[in-house]
Amino acid sequence: DTRIDRVAQIRNQVQNFPKVVNFLNGQKACIFGSTWESDEKVIENFIKNTDNKCIIAPHDIQSSRIKSLQTRFPTAKLYSDNLEPSDRIVIINNIGILKSLYQYGKFAYIGGGFESSIHNILEPATFGIPVIFGTKHHKFKEASDLIKRKGGFSIEDAPSFERVVKKINQQPELGKNAGDFIKENEGATEKIMEWMKGN
């Protein structure tokens, strides 16, 4: 799968974000990537009650969606604001940086699994963090592969999400499972090019 080579390239050429580093103040973040409202209903209780730093990057960053998130999480700051170490929740209101933000993650929840299908779960996995997603993941072989490897987890609702997070907290090696899956499947582009040369 050449997509694995692409996400490995992101990992190898990762951007750093001093603004995020300052906000995190030495902590790892719970990252919620490409979320829809259906996802936010599932993760809302956890985000409001956890002591962990949280980064929310909605799938749609139109002003109406950002305002909806600010209403749901009234203590959240926007990425475009001045971020302080005392802040706990940040909403990403621009595009293009999420794929690199996973380097700061404790785990990633990837949205879309309560809509038509999940978004990209390979991007967080390449940074060696566990990946959580909703039920609509069957179009993607990497989802079932990560589930088998115990680096990815499908959840049905808020209680099952919180059970998986508890499991991740108790078993930090689960992130390594996700990272190992990526590393073991790198090299598809080179294999295809070699095959084309020989044909």
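**Notes on the sheet, its helices and the largest pocket**

1. Let's start with the sheet: seven strands make an open sheet in the order β3-β4-β2-β1-β5-β6-β7, and the pairing is parallel. Bear in mind while reading that this is a predicted model. At the edges sit β3 (77-78) and β7 (152-154), each of which pairs on one side only.

2. Have a look at β1 (residues 29-35) next. This strand pairs with β5 (residues 105-110) in the parallel sense, and five bridges join the two. If you want a spot to check by eye, go to Ala29, whose bridge partner in β5 is Gly105.

3. What packs on the sheet, touching β1, β5, β6 and β7? That's helix α8 (residues 158-170). The direction of α8 makes about 155° with that of β5, and one of the strands α8 touches, β7, is an edge strand.

4. Now for a helix pair. α1 (residues 2-12) packs with α9 (residues 174-184) at an angle of about 115°, and their axes are 9 Å apart. The crossing of α1 past α9 is left-handed. From α1, the contact uses Ile4, Val7 and Arg11, while α9 brings Phe181, Ile182 and Lys183. By type, that contact has four nonpolar residues and two charged ones, with no polar residues.

5. Last, the largest pocket, which holds about 210 Å³ of space. Its lining includes Ser34, Ala57, Pro58, His59 and Ile61, and also the run Ile92, Asn94, Ile95, Gly96, Ile97, Leu98 and Lys99. Which elements give two or more residues to this lining? They are β2 (53-58) and α5 (98-101). As for chemistry, the lining splits into seven nonpolar, four polar and one charged residue.

Conventions: Residues are numbered from 1 along each chain as its sequence is written. This is a predicted model: local features need pLDDT of at least 70, side-chain atom pairs count only at pLDDT 80 or more; totals for chains, interfaces and linings use all residues. Side-chain values use heavy atoms; hydrogens and water are left out. On a 1 Å grid over the protein atoms alone, a cavity is a set of points where a 1.4 Å probe fits but cannot get out, and a pocket is an open set with protein on both sides within 12 Å along at least five of seven lines; lining residues have an atom within 4 Å of a point. Grid points are joined across faces, edges and corners, and a volume is the space filled by probe spheres set on the points. Helices (H or I, at least four residues) and strands (E, at least two) are DSSP runs, numbered from the N terminus. Ala, Val, Leu, Ile, Met, Phe, Trp, Tyr, Cys and Pro count as nonpolar, Asp, Glu, Lys and Arg as charged, and the others, Gly among them, as polar. Axes are lines fitted to C-alpha atoms, for helices over the stretch in contact, and angles run from 0 to 180 degrees between N-to-C directions. A crossing is left-handed if the near helix is turned anticlockwise from the far one by less than a right angle, and right-handed if clockwise. Contact means heavy atoms within 4.5 Å. Two strands pair if DSSP finds at least two bridges between them.
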